[in-house]
Amino acid sequence: MTSVIEGKEDVVRTTVTVLFAGGHLLIEDVPGVGKTMLAKTLARSIDATVRRIQFTPDLLPSDVTGVSIFNQDARRFEFRPGAIFANVVVGDEINRASPKTQSALLESMEERQVTVDGTTYTLQAPFIVMATQNPIEMEGTYPLPEAQRDRFMARISMGYPSPRAELDLLETHGSSSPLDALTPVTDAETINRVVQSVSRIHASPAVRQYIVDLVTRSRSTTALRLGASPRAALHLLRASRAYAALEGRDHVIPDDVQILAGPVLSHRLMPSSETQLARRTTAEVVTDLLRQVPVPPAAR
C-alpha cells in the first residue's frame with residue numbers, strides 16, 4: 001500500500017489496524033488528497049470481492065442493500081443483492097447522499113447483515129466499509145448523524161503530503177497509476193484468520209480499566225456536549241489489540257491505547273459551545289483527556 005500512498009505510513013498503518021480489528025474506516029479530508037485512492041489500494045491488496053458505491057443525492061437505499069424483483073417465469077419474488085454485498089465496500093463521498101440512504105448502512109455495519117422485505121441476509125466475512133467524505137462545510141453535503149459516525153471504528157485524515165513526498169508523487173503517478181500494477185498479497189480467508197487471532201490478544205484488567213476511565217472522563221468534561229459511547233470503548237479495545245499484533249506483541253500496552261485514542265474517539269464526540277468558540281477540535285480534547293487520565297501503575 002505504501003508503494004501507492006506516498007509518505008503516509010501512519011495512515012496506512014491505521015487503515016490496516018482497522019481491517020485486522022474487524023471495524024470500518026471513515027476517511028475525511030478535502031478533495032484531491034488521496035482518500036479514494038487509499039480505499040482502492042486496500043481493496044486491491046486483498047483477493048476478495050470489492051464493490052464501490054458513489055454516493056449522490058439521488059442514490060436510493062435499495063441501491064445499497066438490494067431489492068426484491070418479481071420473476072414472471074417463476075411467479076415469485078427474487079432478491080437482487082445491492083452493492084453492500086462484498087468483502088470490501090468503498091463508499092465514495094458518503095455525506096453527499098441523503099440521510100435516508102446513509103441510514104441503509106447502519107444494520108450492515110453493526111450486525112453484518114441486511115434485512116429486505118422481512119428477510120435477513122448475512123454478509124460474508126471479512127466485511128469492511130471504507131467511506132470517504134469531504135468536510136461538512138462543503139456545498140451539497142449532508143452531515144453524518146451521530147449514530148452513523150459511531151459505527152465507524154476510526155476516522156483518519158490524509159493531510160497534504162510533504163514536499164518530498166509530493167515530488168515523488170509526480171514521478172510515480174505522473175505518467176501512469178501504480179495502482180494498476182498492484183497485486184493482492186492476501187485473501188479473504190487469511191484476513192478472517194487474522195481477525196480471529198487478533199481478538200485473542202491479551203488485554204490486562206489494568207488496560208481495560210484505563211480505556212473505561214478515558215471514555216468516562218469524556219462524558220463528564222465540560223469541553224464536550226456528548227462523550228464517548230460504550231461502543232467507542234469496545235472499538236478502542238479491539239483496535240488496540242490489532243495495533244499490538246502489528247507491533248509483534250501478544251498483549252496490549254497503554255501506548256497502543258494512547259496512539260489510537262484520537263482516531264477512534266474524536267469523530268464520536270460533540271464539542272460544547274465553549275469549545276467551538278475557542279476553535280478547538282475534538283482531537284485536541286482527546287489529547288487533553290489523555291493527559292488528565294493517569295495510566296494505571298500495573299500497566300506501566
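Me: Is Ser266 buried or exposed in this model?
Reply: Keep in mind that this is a predicted model. Ser266 lies in the loop between helix 11 (254-265) and strand 13 (270-271). Its relative accessible area is 4%, and the cut-off for buried is under 20%. So Ser266 counts as buried.

Me: Which residue's side chain has a polar contact with the side chain of Ser266?
Reply: Leaving aside neighbours within four places in sequence, Ser266 is in contact with Arg155, Ala261, Thr282, Ala283 and Val286. One of these also has a polar contact with Ser266, side chain to side chain, at 3.4 Å. That partner is Arg155.

Me: Which residues that line the largest pocket are the closest to its centre?
Reply: The largest pocket holds about 1100 Å³ of space. Its lining has 39 residues. Ser266 and Arg155, the pair from the polar contact, are both among the closest to the centre. The full set of closest residues is Glu28, Arg155, Ser266, Thr281 and Thr282.

Me: Which helices and strands each supply at least two residues of that lining?
Reply: The strands are strand 1 (25-28), strand 10 (154-156) and strand 13. The loop with Ser266 runs between helix 11 and strand 13, and both of those elements are on the list. The helices are helix 1 (9-20), helix 6 (146-149), helix 11 and helix 13 (282-292).

Me: Now the rings: how many aromatic pairs does the structure hold, and what kind is Phe70 with Phe77?
Reply: There are three aromatic pairs. For Phe70 and Phe77, the centres are 5.2 Å apart with 65 degrees between the planes. Planes over 60 degrees apart fall in one class, so the Phe70 and Phe77 pair is edge-to-face.

Me: Is Phe77 buried or exposed?
Reply: Its pair partner Phe70 has a relative accessible area of 34% and is partly exposed. Phe77 comes in at 57%, and the cut-off for exposed is over 50%. So Phe77 is exposed.

Me: Which residues form one aromatic cluster?
Reply: Start with Phe79 and Phe85, an edge-to-face pair at 5.7 Å centre to centre and 65 degrees between the planes. Phe79 is buried at 18% relative accessible area, while Phe85 is partly exposed at 22%. A tyrosine belongs to the cluster too. The members are Phe79, Phe85 and Tyr121.

Me: Which ring does the charged end of Arg13 sit over?
Reply: The charged end of Arg13 is 5.6 Å from the ring centre, and the distance cut-off is within 6 Å. The ring belongs to Tyr243.

Terms used: Residues numbered from 1 in each chain as written. Predicted model: local features only at pLDDT ≥ 70, side-chain atom pairs only at ≥ 80, totals over all residues. Heavy atoms only, no water. Phe/Tyr/Trp six-rings, centres within 6.5 Å; stacked < 30°, edge-to-face > 60°. Buried < 20%, exposed > 50% of the residue type's maximum accessible area, 1.4 Å probe, protein only. Lys NZ or Arg CZ within 6 Å of the ring centre and 35° of its normal. Helix = DSSP H or I, 4+ residues; strand = E, 2+ residues; numbered from the N terminus. Polar contact = N/O pair within 3.5 Å; in protein donor to acceptor, adjacent residues only side chain to side chain. Contact = heavy atoms within 4.5 Å. 1 Å grid on protein atoms, 1.4 Å probe; cavity = no way out; pocket = protein on both sides within 12 Å on 5 of 7 lines; lining within 4 Å. Points joined across faces, edges and corners; volume = space filled by probe spheres on them.
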